[in-house]
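Me: I'd like to learn how to read a few features off a model. Could you walk me through them, one at a time?

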Amino acid sequence: GCLQNVTTGSSNAALGDTAMSGTTTGSNSVGIGRDALAAVFTGQRVVAIGVQAGFKNTSGHRNTLLGSEAGHEILTGSFNTACGAGNTGTGIAADNRGALYNLVSGSYNIGIGGITNAAVNGSSTGGAGAAYTGAESSNICIGNATIGTLGESNVMRLGTTGAGAGQ
């Protein structure tokens with residue numbers, strides 16, 4: 001259940017099956033949705049709203065993660081803002097994930113935009129900042145499928161090019 005492993009953490013709020021279930025010493029955080037902030041969590045001041053939002057966050061702090069699977073893989077990154085839902089479920093392709101889904105340790109990123117309707121129907125586009133898989137930092141990606149580029153930092157991307165869905 002929610003908050004079942006809290007030892008010294010305080011001022012947390014959780015709603016949803018196993019939301020914040022791994023929280024031990026994390027404080028001043030909110031997890032709403034099934035498996036939101038479900039990992040062993042020791043961070044502070046994190047808001048995760050959506051199915052598996054912030055799912056693997058362990059010690060990251062001051063992240064704001066809105067939408068299913070937003071910021072799913074963030075372990076230690078801090079000061080990130082992800083807003084955009086993915087297409088959750090077993091067997092969903094990695095490129096159909098929420099905003100900043102794959103980011104692990106990067107900080108100060110903003111990803112706004114979920115997958116496009118084309119992605120739901122089988123095309124390969126992910127949520128904003130979905131290409132970030134490590135320590136990419138200080139980036140801004142705004143727009144559906146504005147996925148960024150692996151390894152970049154200090155870059156701003158606005159929208160996508162082309163005439164297809166989400167562009």
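Reply: Let's go through charge pairs, burial, a surface patch and a ring pair. First the ground rules: this is a predicted model, where local features need pLDDT of at least 70 and side-chain atom pairs count only at pLDDT 80 or more, while totals for chains, interfaces and linings use all residues. Residues are numbered from 1 along each chain as its sequence is written, and side-chain values use heavy atoms, with hydrogens and water left out.

Me: How many salt bridges does the structure hold?

Reply: Side chains of opposite charge can pair when their charged atoms come close. The cut-off for a salt bridge is a side-chain nitrogen of Lys or Arg within 4 Å of a carboxyl oxygen of Asp or Glu. The structure has 3 of them. In one, arginine 34 meets aspartate 35 at 3.1 Å, N to O. In another, arginine 157 pairs with glutamate 152, with 2.8 Å between the closest N and O atoms.

Me: And which residue forms a salt bridge with glutamate 73?

Reply: That's lysine 56, with the closest N and O atoms 3.1 Å apart. This pair links distant parts of the chain, 17 residues apart: glutamate 73 sits in the loop between strand 4 (64-66) and strand 5 (81-83), and lysine 56 in the loop between strand 3 (47-49) and strand 4. Strands here are DSSP runs of E, at least two residues long, numbered from the N terminus.

Me: Are the partners buried or exposed?

Reply: Check relative accessible area: under 20% is buried, over 50% is exposed, and in between is partly exposed (1.4 Å probe, protein chains only). Glutamate 73 is at 16%, so it counts as buried, while lysine 56 is partly exposed at 32%. Aspartate 35 is buried at 14%, and its partner arginine 34 is partly exposed at 38%. For the remaining pair, glutamate 152 is buried at 12% and arginine 157 is partly exposed at 29%.

Me: Which residues does aspartate 17 contact, leaving aside its neighbours within four places in sequence?

Reply: Contact means heavy atoms within 4.5 Å. With those neighbours set aside, aspartate 17 touches Gly33, Arg34 and Asp35. Aspartate 17 lies in the loop between strand 1 and strand 2 (30-32), and at 53% it is exposed.

Me: What about serine 29, buried or exposed?

Reply: Serine 29 is buried, at 1% relative accessibility. It's in the loop between strand 1 and strand 2. Beyond its neighbours within four places in sequence, its contacts include Met20, Phe41 and Val46.

Me: Which residues form the nonpolar patch on the surface?

Reply: A patch takes residues with over 30% relative accessible area and no salt bridge; like charges are joined within 9 Å, and nonpolar side chains (Val, Leu, Ile, Met, Phe, Trp, Tyr) within 5 Å. Here Leu15, Ile32, Ile49 and Leu66 make one, with about 310 Å² of accessible area together (Shrake-Rupley method, 1.4 Å probe, only the protein chains shown counting as cover for residues). Leucine 15 belongs to strand 1 (residues 13-15) and is exposed at 58%.

Me: Last one: how many aromatic pairs are there?

Reply: You describe a pair of aromatic rings by the distance of the centres and the angle of the planes. Rings of Phe, Tyr and Trp (its six-membered ring) pair if their centres lie within 6.5 Å; planes under 30 degrees apart are stacked, over 60 edge-to-face, and the rest tilted. The structure has 1 such pair. Phenylalanine 79 and tyrosine 108 have ring centres 4.9 Å apart and planes at 0°, so they are stacked.

Terms used:
Helix = DSSP H or I, 4+ residues; strand = E, 2+ residues; numbered from the N terminus.
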